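Student: Could we work through this structure together, beginning with the way its chains meet?

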Amino acid sequence: MKALVWHGTQDIRCESVPDPRIEDDRDAIIKVTACAICGSDLHLYDHFMPGMEKGDVMGHEFMGEVVETGKGVNGSLRKGERVVIPFTIICGACDQCKRGFFSVCERSNRNKHLAEKAFGHTTAGLFGYTHLTGGYQGGQAEYVRVPFADRTHIKVPEGLTDEQVLFLGDIFPTGWQAAVQADIQPTDTVAIWGAGPVGQMTIRSAILLGAKQVICIDSVPERLDMARAGGAITIDHTQESTVERLNELTAGKGPEKCIDAVGMEAHSPRALEQVYDRVKQAVMLESDRATVLREMIYVCRPAGILSIPGVYGGLVDKIPMGALMNKGLTVRTGQTHVNRWTDDLVKRIADGQIDPSFVITHRGGLEDGPELYKTFRDKKDNCIKVVLRP
Amino acid sequence: MPASASRPNPPARPGRTRPERPPSRLSSDHRRRPDPATRQVAQGLGWFSLALGVTELTCGDAIARWLGMPRAGALVRAYGVREIVQGVGILGSRDPTPWIWARVAGDGLDVATVLPGLTGDPRHRANTAIALGALAGVGVVDVLCAQALSDAPLAPSERVRADYRSRSGFPKGIAATRGAARDVRPPEFTTPEALRAWA
C-alpha cells in the first residue's frame, strides 16, 4: 500500500510499505478514506520530537471504513462501518481509561519503558507519533491497523460527511478540551495564542461555551482573518504588543483564561528572548521554546487559569515560577482525552452548532503529501489545514 | 440537520492565481516577513558590523600585531571596509537577508585568516584563541539570524491571499451559537466546587 513515510528531518516520502495485518484479537484494519496533516506532525517533520525512526508511517488524524476485525473486537465494529479513529489509542479497561483520562491509558503504549524514562510514567499509545508513544504506524496511508479497536474508535452517524467528522480524531476535541479545562464562565475573557487549526477550534469552542470575549494572538494574516470569522478579536504580535493590547482589552486586568495553542516551536517577538532560546536550543541546553508560556503567566489575571493544548516534548527554561505562584494561577494541560468528548461533539455537529470543515484550505492525494507538508510548514499559499484522500 | 451543516465550505482561492516564486537567499525580497525578534537581531548585527568595521579600519595595524600577523594590517583594514559595507547593507535594505548571509561568508573568511595563528608564534596563540572564540560566537548568531530570515513567511499579497473571512464554522451564525454549550458539565479535573469564584 501507499503511505507517507518519515525518513528524517523534513524528509517525508510517499512510498510503498507492507499492508498492515491483524496482530492481536482486538485489532481492526481500517481502509483510510480521509486523513489530515496536523500541526503536531510538523514537530516530527522538523524533528523536534525525539523517537522517530526511518520508515515510520506518519499521521494520527484519520478516518475510514472497517475492512477486517480480530476475534476480540466482539461485534463492537463491523465490516463496512465508518469510523473516525482517535489519535490516542485506548484500552478502555485500565484505571485511567475507566476514569476517562484516556490520553494517559496505562496499557496501550507498547514502549512504556521509553515513556517512563522520558516522562516518569507511561502515557497512551499514539498513532504515527514516535516510538516513545508505542511506535504505531500512522494513518496517512491507504490502510492502518488499529489496536484495541473495540474501544479506539468513534462511530460516524449517517448523513455526516468525512470532512465534517474527520477532525473529531484530534483537533476539534483538542480545542474543546483546551476550552473546557479553562472552566470558561460567561464573564470571562479568553486569550488564545495561535490561530492554527487547534487555535481555530479553541476559538469556536470558547464561543460555544459562552465566553464574553475571545482574543486570538498570531501573526499570519489569513489565519487572523479566519479567527475573526469565528468571533475572535485578533492581535498581530508583529505589529503591536500582545501584553499592552490584552491589558487594553481587559481594562488592565488581564484575561481570566489563557490558552497556549502554539507549543514548543513558539517565536518570541522580543529579540533577546528569541536569541536566548535559539542559542540554548542550538547547544542542546533546552529542547522547547517557552515564549507563549512566559507571556501567558505574565499577562493572565491573578487567580486565572492557563490551559495548554500546545505540544511540548522536553525541557523549557526561564519559567517565571514567582509570577505563577504569587498570582495563584492554575495550569491544566495534557494530550486530549478524545473519546471523553466525542459523543457530545458528534451531536453538536449533527445539530448544526458547528461544522469543523471550515478550517480545511488544501486538499490532495497521498502522493501530494510531501509537498503539502512543506506548504503547511511554511504557511505558504494561505495554508491552514490539509486533508488528504488516499 | 440544517442543509448548511452538510454543505462543505467553499474551497479556498489560493489556486486562482499563479503561485509566486520563492525568494532566493542571495537576493532581497520585500515579501519576507520575519518576526520582530529576528528583525531586531539583524539590526543589531548591522550596527555591530559598522562598529567592527570602523575599528578594523582605524586600528588595522594594531589588531594585526595583536594576532601575531604584523604584516596583515592592510588585510585587516580591507576586512574593515567589508564590514562597513555589510553594515550599511543590513541597515539600509528593506530585507537584510543576503547581507546577513554575506556576514556568514565573512565569518568563514575571518576564521580562515586567523586560524593559522594557532600554530604560529606561541606568544600570540592565546590572542588567536580569543579571536576564534569571538568569531564562533558571532558566527552562531549570524547563522541563526540568516536562517530565520530565509525561512520567514512571505507576506501574502492581496493578489494571492485567500479569503477566509466568511469561514465562521457556525452554520447558524455566531450570535445564535454563543453559549450553546454552556450546559456542559465540567469534568472532575476542572475547578473543584470548593475553589470556584464566589458569585
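Student: How many residues does the contact take from chain A and from chain B?

Tutor: This is a predicted model, and its predictor gives the complex an ipTM of 0.90 and a pTM of 0.79. Counting each side of the contact separately, chain B contributes 44 residues and chain A contributes 50 residues.

Student: Which helix supplies the largest share of the side of chain A that touches chain B?

Tutor: Helices α4 (162-165), α6 (197-208), α7 (221-229) and α9 of chain A each provide at least two residues of that side. The largest share amounts to seven residues, and the helix that supplies it is α9(A).

Student: Why do the buried residues of α9(A) line one face of the helix?

Tutor: The helix covers residues 271-282 of chain A and reaches 16 Å from its first C-alpha to its last, close to the 16 Å expected. Its buried residues are A:Gln274, A:Val275, A:Asp277 and A:Arg278. Because these buried residues, viewed down the axis of α9(A), fall within a limited arc, they line one face, and that arc is 170°.

Student: What in chain B helps to cover the buried residues of α9(A)?

Tutor: The cover draws on both chains, with α10 (291-299) coming from chain A. From chain B, it includes α2 (36-58) and α6 (125-150).

Student: In which helix of chain B is confidence lowest?

Tutor: Chain B averages a pLDDT of 83, yet over its residues 1-19 the pLDDT stays under 50. Confidence is highest in α7 (residues 174-177) of chain B, at 95, whereas the lowest mean, 36, belongs to chain B's helix α1 (residues 3-6).

Terms used:
Residues are numbered from 1 along each chain as its sequence is written. Chains are lettered from A and ligands numbered from 1 in the order in which they are written. This is a predicted model: local features need pLDDT of at least 70, side-chain atom pairs count only at pLDDT 80 or more; totals for chains, interfaces and linings use all residues. Helices (H or I, at least four residues) and strands (E, at least two) are DSSP runs, numbered from the N terminus. The expected span of a helix is 1.5 Å times one less than its number of residues. A residue is buried if 20 or more other C-beta atoms lie within 10 Å of its own, exposed if 12 or fewer, and partly exposed in between; C-beta atoms are placed from the backbone. The arc is that of the directions from the helix axis to the C-beta atoms. Two residues are in contact if their C-beta atoms, placed from the backbone, lie within 7 Å. pLDDT is the predictor's confidence in each residue, from 0 to 100.
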